[in-house]
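Please open the structure in a viewer and keep the selection tool at hand. The tour proceeds stop by stop, with a selection at each one.

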Amino acid sequence: MITGNVNAAETEATISLYIAIVLFNLALASHCEGTALGKYASLKKASVLYSLVVQLLNRRETTPEDESSPILTLLALNNKAQIHYDQCEYAQSIDCMQNVSKIMGRGRGLTSTLRHKDIWGLLFNVMLLSTPVAAHAA
């Protein structure tokens with residue numbers, strides 16, 4: 001998939017993106033298993049894998065310059081925030097959502113890449129997951 005005319009830095013960035021995509025899909029599988037079957041260990045695993053995706057994509061020297069990295073980072077942070085919120089870990093959920101807000105604020109081509117419905121959904125999650133409702137806080 002990687003052509004011979006790509007320089008070493010671009011190759012490393014592309015490989016890092018592919019690794020992040022695989023980790024995200026593993027996290028998503030664990031997330032779904034944990035949610036469907038109520039397995040805390042699967043949710044914990046998903047949260048750790050989402051964190052690895054974010055860490056990998058935040059390394060400036062190994063991420064491609066296109067919009068795929070911020071989008072994947074947004075998705076990983078959003079899903080991680082949902083896990084924390086569902087586990088009543090509100091401080092961690094808020095941290096994730098603050099990072100989502102920062103990325104959304106930077107924009108850099110996200111509005112042309114993401115559908116309006118997807119952006120609205122992310123922003124709606126930011127509002128919902130940022131502060132617990134009274135029932136959860138009790």
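The stops below lead from the whole chain to a helix, a core, a cavity and a loop.

**The whole chain**

Begin with the full protein in a cartoon view, bearing in mind that this is a predicted model. The secondary structure consists of 7 helices and 0 strands, so the order of elements from the N terminus reads α-α-α-α-α-α-α. Colour the chain by accessibility next: of the 138 residues in the protein, 38% are buried. If contacts are displayed, consider those between residues at least 6 apart in sequence; 58% of them join residues at least 24 apart.

**Helix H3**

Select residues 68-86, which form helix H3. This helix has 19 residues, and the distance from its first C-alpha to its last is 27 Å, close to the 27 Å expected at 1.5 Å a residue. Is H3 largely enclosed or largely open to the outside? Because 15 of its 19 residues are buried, H3 is largely enclosed by the rest of the structure.

**Leu-72 and its contacts**

Within helix H3, select Leu-72. Its relative accessible area is 8%, which is under the 20% cut-off, and therefore Leu-72 counts as buried. Now show the residues around it. With neighbours within four places in sequence left aside, Leu-72 is in contact with Leu-17, Ala-20, Ile-21, Phe-24, Val-53 and Leu-57. For one of these partners, draw a distance line: the C-alpha atoms of Leu-72 and Leu-57 are 8.2 Å apart, while the two residues are 15 apart in sequence.

Move on to Val-53, another residue of that contact list. Not counting residues up to four places away in sequence, Val-53 touches Ala-20, Leu-23, Phe-24, Leu-72 and Ala-76. Ala-20 and Phe-24 thus appear in the contacts of Leu-72 and in those of Val-53.

**The nonpolar core**

Which residues have the most contacts inside the largest nonpolar core? They are Tyr-50, Val-53 and Leu-72, in a core of 24 residues. Helix H1 (8-37), H2, H3 and helix H4 (90-106) each supply at least two residues of this core. H2 provides the largest share, 8 residues.

**The cavity**

Turn now to empty space inside the model. Rolling a probe the size of a water molecule over the atoms shows where such space is left. A search of the whole structure finds 1 cavity of 30 Å³ or more, and the largest cavity holds about 50 Å³. To display its lining, select Tyr-40, Leu-43, Lys-44, Ser-47, Ile-83, His-84, Gln-87 and Glu-89. Helix H2 (40-57) and helix H3 (68-86) are the elements that give two or more residues to this lining, and H2 gives the most, with 4 residues. Coloured by type, the lining of the largest cavity shows 3 nonpolar, 3 polar and 2 charged residues.

**Cys-88**

The last stop is the residue Cys-88, in the loop between H3 and H4. What is the sign of its phi? The phi of Cys-88 is positive, about 60°, although this residue is not a glycine. For comparison, most residues other than glycine have a negative phi. With 48% relative accessibility, Cys-88 counts as partly exposed, whereas Leu-72, visited earlier, is buried.

Methods. Residues are numbered from 1 along each chain as its sequence is written. This is a predicted model: local features need pLDDT of at least 70, side-chain atom pairs count only at pLDDT 80 or more; totals for chains, interfaces and linings use all residues. Side-chain values use heavy atoms; hydrogens and water are left out. On a 1 Å grid over the protein atoms alone, a cavity is a set of points where a 1.4 Å probe fits but cannot get out, and a pocket is an open set with protein on both sides within 12 Å along at least five of seven lines; lining residues have an atom within 4 Å of a point. Grid points are joined across faces, edges and corners, and a volume is the space filled by probe spheres set on the points. Ala, Val, Leu, Ile, Met, Phe, Trp, Tyr, Cys and Pro count as nonpolar, Asp, Glu, Lys and Arg as charged, and the others, Gly among them, as polar. The expected span of a helix is 1.5 Å times one less than its number of residues. Buried means under 20% relative accessible area, exposed over 50%, partly exposed in between (1.4 Å probe, protein chains only). Contact means heavy atoms within 4.5 Å. A nonpolar core is a set of buried Ala, Val, Leu, Ile, Met, Phe, Trp, Tyr and Cys residues joined through side-chain atoms within 4.5 Å.
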